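Here is a short set of exercises to work through with the structure open beside you. Try each task before reading its solution.

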Amino acid sequence: MLPSEQEQFLAYNGEVLIFHLSQPKHVEGAVELCVRRMTFNRDRKLFVQKSSGVFSMRGSLLKTEIICCSCTTDSRTGIILPGILMKKKKRNNIVKYLLLLLHSSNQFERSFQFKLDYELKEDIRLFAGPSVLWRHASKLFYISSSTCTVLSAPVQLSSVVWTGEIKDEGPVVLGIRTACLTDNEAETEFSTSDQDIWGSELFGYAIKAQKMLPGTCFMPHAYGRVVSSVCVCKSEMLRKHLQTSLVAITHKNQLIWFQGGLPRGICELPYEEPYSVNTAVTSSNDLLFVVSFASGNVCVVQRRGSLQVASKWQKVKSVLVDDFVGSGSEQLLLLFKDDSSTDVLSTFTITDLGAVNYASDNNYKRKALAAEGLQENGLLTVRALETRLQAGCTAVQELQKHLALQKRVILQSCKALRDLVEGRTHVLPTAKEEGLVPLWDEVEDPPSLGQETPPAHHVPEHLVENLWQRVVGDSLVVGVQLAATSHLSLSDASLSLVPDQDSSLTPPVIKCQNKVTKLNKAFSALPVSPCQMEPPAKKMKRDLCSSNDPKKNFPKGCSGAELDGGRTVTAVTSLSPLLAFHRVCCAVLLHAKRQQPHGDNLQHSKKIAVFCGKISLSLEDVSSGKHSVKMLRDNGYCTGSLEDILAVLAVSARFSFQVVSAACTLTPVISWLLGEMECMPFKECRANLFCHKAGNVYGTILNWTLKNPLEGILTLFCRNLTVLFQCLHGLRRILPASCEVKLLRSGSREALAERLALALEKEMLTSRSSLFSPLTSGSSFFSKESKADSTFTWGNVPDRKVSDAAVASLLENEEGVEQFRKKLQSEQDEGVLSMAQNATAALYLEMTWKIAEAQLSSDMIVWRLS
């Protein structure tokens, strides 16, 4: 459809609303829906523009279309507003529809939008709500602003002849459908003429009440086959029966008046193919029936005793009904086709077939437009818009320059960091090279960053034993194996991938998801997720990704000797963005805290950045499978390198389930793992199985620990939840119905109990070292406790010393733990009250910070045990 054909006309409160689409000259990829409010000037006998409005949207003018416009009731306020239904074509045969409401201030409001995989072409109507109704594939669909969901009515129909409001029924749709015959009628063979008459019927469907209305309330059954359009003039409920008065046009070029379900009059129409009928009430209270034809002709039928054609016109573009002259009654506005003028209101007629009769005068209109000087006003408006556009372009250019400068500064910072870690000398660029104005005179040989910056903290090279990379699916896994003798705290351990490319398209630092893994034969210390679940906040908010104490992340209670993997830090990032550059080379940096072998204070911890080496990745390597994970079968075992196992664990999430059976043993679980799941144990750690079954579950690692014949723990390492559900579905099929499968929050209760004991021990030691150890040379926090003994006292009784056995007895149950905390808190309060005056705020803050961190660790474990 051409843009000139997309003009739509709508009568609203005596005004003529003209909608059309246009494309802005200075903005690409945008479409504007413009509206002009035109009012009729009785003295000058022409339409003048009252106001206008614009609604902008993204899209193409050739793929955007105005479907229809109509006045509809807004259910929120009860006000009747113009509604416009827009269509925007998208790719993959998806069509987006948008319903707009126009307010009196010429502001457009998005009422709702919906998407379909087909285009609306048949019987599209707007009605109260606002709502949209249409017919597709002999079915009735509708959507409203209250639901914003496309709904289907349980009816089959061949056409829609009317939509509107009926008292006590709400929105009603009248349509034509195949007649629903009774059993006796269905067995009777009708003749051809009878089949034509009784094969179709008119029916009504109340949308809000979702019920059928009998068609005989509107017209006899025999008229259902020939009716093409209906206009209900009046409806009311009398003695619980619906009484209607309506007019209908037929395919036989007839107009029929029905009242109470019976025909009351008929009129032959002057033209063929009538498609719509509307009503108008004139100043003499005459009811006019306006009939439009497909050929562009219009006729008016008047009811004075009998139905008669009162007037007719040809070459009509559109016909509207409203009070255009402000007389208090309705008139007809006929807009004629005029190829000699581009103005849509250049040729028109306003009439009510009585006292009101106005016709357009083109000569008079041209003189009036010239007299008003509209061309001069338009020129001034264009100049003002050009000035605003230039100012906007200037602002955009300045913003682009600022963003480019910001990006260059970030890239230079990353280069400086990489050179500093690798020990190279980094020379800062001059202000002239960066496009900046220097604030002072630059020397000829500016000092380099490496000369001015003191050397970084020396980290022995044996902290990192191995650097490796693997490709798992659409992820790149980079791992760094730490030495067993390294004293690194893994609480904040992470890897950074810094590309070597200087291209502005490459990000300065690649976004990664880090995990820390300590691998042993039982897989007891598995990947530590950087985003663990937290208990309800009760104290100061802290980063609970992990603890400073390696014993917290890796409990002592793990059985089995540690594999050669030791502690490994892995980084997982998306592979596809890197392959877009065909070949990428990245420097790998390890960030961690280095502690003294026997130090536990924060002041002994130092954040370090270790350059681990470089990795390279190319599209050829990925295509040839150079870095792929290889899990092969060899004599009943799964053979894979340690790096392959760590890579699979890095991209997997851990789930533990407790399986309890009260009626029978859990022997079928092992058969299910080795049979249906095609699992094979690892050669180094036979308790863990690798799934070789084809499909989504391939690559899943499972661990089955049988505590007793009736209870076991099943641990799965899956790529996503879909794989998890598939595994659980297969497990439930082989288990009896009486078995119970329960998700464990964080491993077994025994492991959590061991971690709680370690956390409480650390909390006690942290509090004791913070309260009773000298923190400054020559002085201490507390005047009466400067000895810092290995034992300590309770309350105000210095002679009562608590032994390790007494502490152990207190920690046996929950009441003892609470009693221990109360006494410890009392001792802390006493220490705070006796604090020396020379204690600095920094030392006090450090002490409070460590105690809070230790308490939060123990609180989290208690919450998981509850």
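**Exercise 1: The whole protein**

What does the accessible surface of the protein come to, and what percentage of this surface belongs to carbon and sulfur atoms?

*Solution.* Keep in mind throughout that this is a predicted model. Step one is the total: the accessible surface is about 46,800 Å². Step two is the share by atom type: carbon and sulfur atoms account for 52% of that surface.

Two further steps round out the overview. Of the 866 residues in the protein, 45% are buried. For secondary structure, the protein has 15 helices and 45 strands. Finally, consider contacts between residues at least 6 apart in sequence: 54% of these join residues at least 24 apart.

**Exercise 2: A covered helix**

Find helix H9 and work out how many of its residues are buried.

*Solution.* Start by selecting residues 642-650, which make up H9. Next, check each residue against the cut-off for buried, under 20% relative accessible area. The result is 9 of 9, so the helix is mostly covered. The buried residues include Glu643 and Asp644, along with Leu642, Ile645 and Leu646.

**Exercise 3: Aromatic rings**

Search the whole structure for aromatic pairs, then classify the pairs Tyr271–Phe293 and Phe690–Tyr698.

*Solution.* The search returns 14 aromatic pairs. For Tyr271 and Phe293, the ring centres are 5.3 Å apart and the planes meet at 75°, so this pair is edge-to-face. Now place the two residues along the chain: Tyr271 is in the loop between strand E20 (262-268) and strand E21 (274-281), while Phe293 is in strand E22 (residues 287-293), 22 residues apart. Both Tyr271 and Phe293 are buried.

For Phe690 and Tyr698, the centres are 5.6 Å apart and the planes are at 90°, so this pair is edge-to-face as well. Look at the cover on each partner: Phe690 is buried, at 2% relative accessible area, whereas Tyr698 is partly exposed, at 37%.

As a last step, look for a group of rings: Tyr97, Phe112, Phe114, Trp134 and Phe141 form one aromatic cluster.

**Exercise 4: Charges over rings**

Which rings lie under Arg177 and Arg303?

*Solution.* Take Arg177 to begin with: its charged end sits over the ring of Phe203, 4.9 Å from the centre. Then turn to Arg303, which lies over the face of Trp257 at 4.7 Å from the ring centre.

**Exercise 5: Cysteines**

Count the disulfides, then explain why Cys739 has no bond to its closest cysteine.

*Solution.* The count comes to 0 disulfides. The closest cysteine sulfur to that of Cys739 is in Cys664, at 5.2 Å. A disulfide needs sulfur atoms within 2.5 Å, so the separation of Cys739 and Cys664 is too far for a bond. As for cover, Cys739 is buried, at 6% relative accessibility, and Cys638 is buried too, at 0%.

**Exercise 6: The setting of Ser496**

Is Ser496 buried or exposed, and which residue does its side chain join through a polar contact?

*Solution.* Locate Ser496 in strand E31 (residues 488-499). Its relative accessible area is 17%, so Ser496 is buried. The side chain of Ser496 has a polar contact of 2.8 Å with that of His591. To finish, list the contacts, leaving aside neighbours within four places in sequence: Ser496 touches Ala587, Val588, Leu589 and His591.

Conventions:
Residues numbered from 1 in each chain as written. Predicted model: local features only at pLDDT ≥ 70, side-chain atom pairs only at ≥ 80, totals over all residues. Heavy atoms only, no water. Buried < 20%, exposed > 50% of the residue type's maximum accessible area, 1.4 Å probe, protein only. Helix = DSSP H or I, 4+ residues; strand = E, 2+ residues; numbered from the N terminus. Phe/Tyr/Trp six-rings, centres within 6.5 Å; stacked < 30°, edge-to-face > 60°. Lys NZ or Arg CZ within 6 Å of the ring centre and 35° of its normal. Contact = heavy atoms within 4.5 Å. Areas by Shrake-Rupley, 256 points an atom, 1.4 Å probe, with all protein chains shown as cover. Polar contact = N/O pair within 3.5 Å; in protein donor to acceptor, adjacent residues only side chain to side chain.
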